Amino acid sequence: MRKTIIAGNWKMNANKDSVKSLIGGILSGIGGINSEVVVCVPFPYLAQVESLIDGSDLRLGAQNLNINPKGAFTGEVSAEMIKDFGVKHVIVGHSERRSFYGETNTVVAEKIKAALDAGLTPLLCVGELLEDRETGKTEAVVEEQINAVIELVGIDSFNNIIIAYEPVWAIGTGMTATPEQAQEVHLFIRNLLGKSSENIAQKTPILYGGSMNAANAAVLISCPDIDGGLIGGAALKAEDFLQICRAG
Ligand code: PEP
């Protein structure tokens, strides 16, 4: 039985006051929630959130990392640095990193390796563009994204990887995939993992991301191969985020 995981991706949205009230709101409602709940916050607020969530069940995540352990990489942040602030999870290969910062499947795989080597649990984001879907390439795109990671780190590493299927056309657009569309790709991903290891396929959490909100979360998460959500916009309001967590 896979545990439901709800991860909030705050992206580049926060200031010290909003962090305090958002984390305060989440903590006040998190009691009794069965899902594992993670907040992936911008680097400058890791220390503040680490201290606010101390002793709670809320988990801290980051949104990116550099592939190198240390050295002359101005402006970059390593796996060990985020670990230093109590980070357990790190988003890797988000579509915004792939499209705005040129992260290829090879770079994404290297980041997954860097996260795993440091003992972090990466959330590997995969998903197709609208034009891929419209030209029937969804499965080929997702397969290539996942195979690049399997080739570098091996299938057994998926014991410590969470996958997030995020159709790019659904991210931040309000255009959620239907439960049928999402379930179809989640099952495809599980079967793809199953070609290398049925055990890993059954154990790997596969989250859905793309305009998931308080109104649509329950029906999406009730699909057999959807194990939770990666939430952008709706993770910025405590009550909306908590409602999604309760749906899990
Ligand atoms: C995301 O950024 O991962 C995401 C799913 O965003 P949103 O929920 O806003 O579509």
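**Exercise 1.** Leaving aside its neighbours within four places in sequence, which residues is Gln181 in contact with?

*Solution.* The model is predicted: local features need pLDDT of at least 70, side-chain atom pairs count only at pLDDT 80 or more, and totals for chains, interfaces and linings use all residues. Residues are numbered from 1 along each chain as its sequence is written, and side-chain values use heavy atoms, with hydrogens and water left out.

Step 1. Locate the residue: Gln181 lies in helix α8, residues 179-194 (helices are DSSP runs of H or I with at least four residues, strands are runs of E with at least two, and both are numbered from the N terminus).

Step 2. Apply the contact cut-off, heavy atoms within 4.5 Å. With the sequence neighbours within four places set aside, Arg133 and Trp169 are in contact with Gln181.

Step 3. Classify Gln181: its relative accessibility is 25%, so Gln181 counts as partly exposed (buried is under 20% relative accessible area, exposed is over 50%, and partly exposed is in between, with a 1.4 Å probe and protein chains only).

**Exercise 2.** Describe the salt bridges of Asp227 and the network around them.

*Solution.* Step 1. Use the criterion: a side-chain nitrogen of Lys or Arg within 4 Å of a carboxyl oxygen of Asp or Glu. The structure holds 9 such salt bridges.

Step 2. Take the first partner. Asp227 and Arg2 meet through their side chains at 2.9 Å, N to O. This pair links distant parts of the chain, 225 residues apart: Asp227 is in the loop between α10 (217-221) and β8 (228-231), and Arg2 is in the segment before β1 (5-9).

Step 3. Take the next partner. In the salt bridge of Asp227 with Arg190, the closest N and O atoms are 2.8 Å apart. Because Arg190 lies in helix α8 and Asp227 in the loop between α10 and β8, the pair ties together parts that are 37 residues apart in sequence.

Step 4. Join the pairs: salt bridges that share partners connect Arg2, Arg190, Asp225 and Asp227 into one network.

Step 5. Check the accessibility. Asp227 counts as buried because its relative accessibility is 5%; Arg190 is also buried, at 3%.

**Exercise 3.** Which side chain of opposite charge is nearest to Asp132, and how far away is it?

*Solution.* Step 1. Locate Asp132: it is found in helix α6, residues 130-134.

Step 2. Assign the charges: Lys and Arg count as positive, Asp and Glu as negative, while His and the chain ends are not counted.

Step 3. Read off the distance: Lys137 is the nearest, 5.2 Å away, and the buried Asp132 has no salt bridge.
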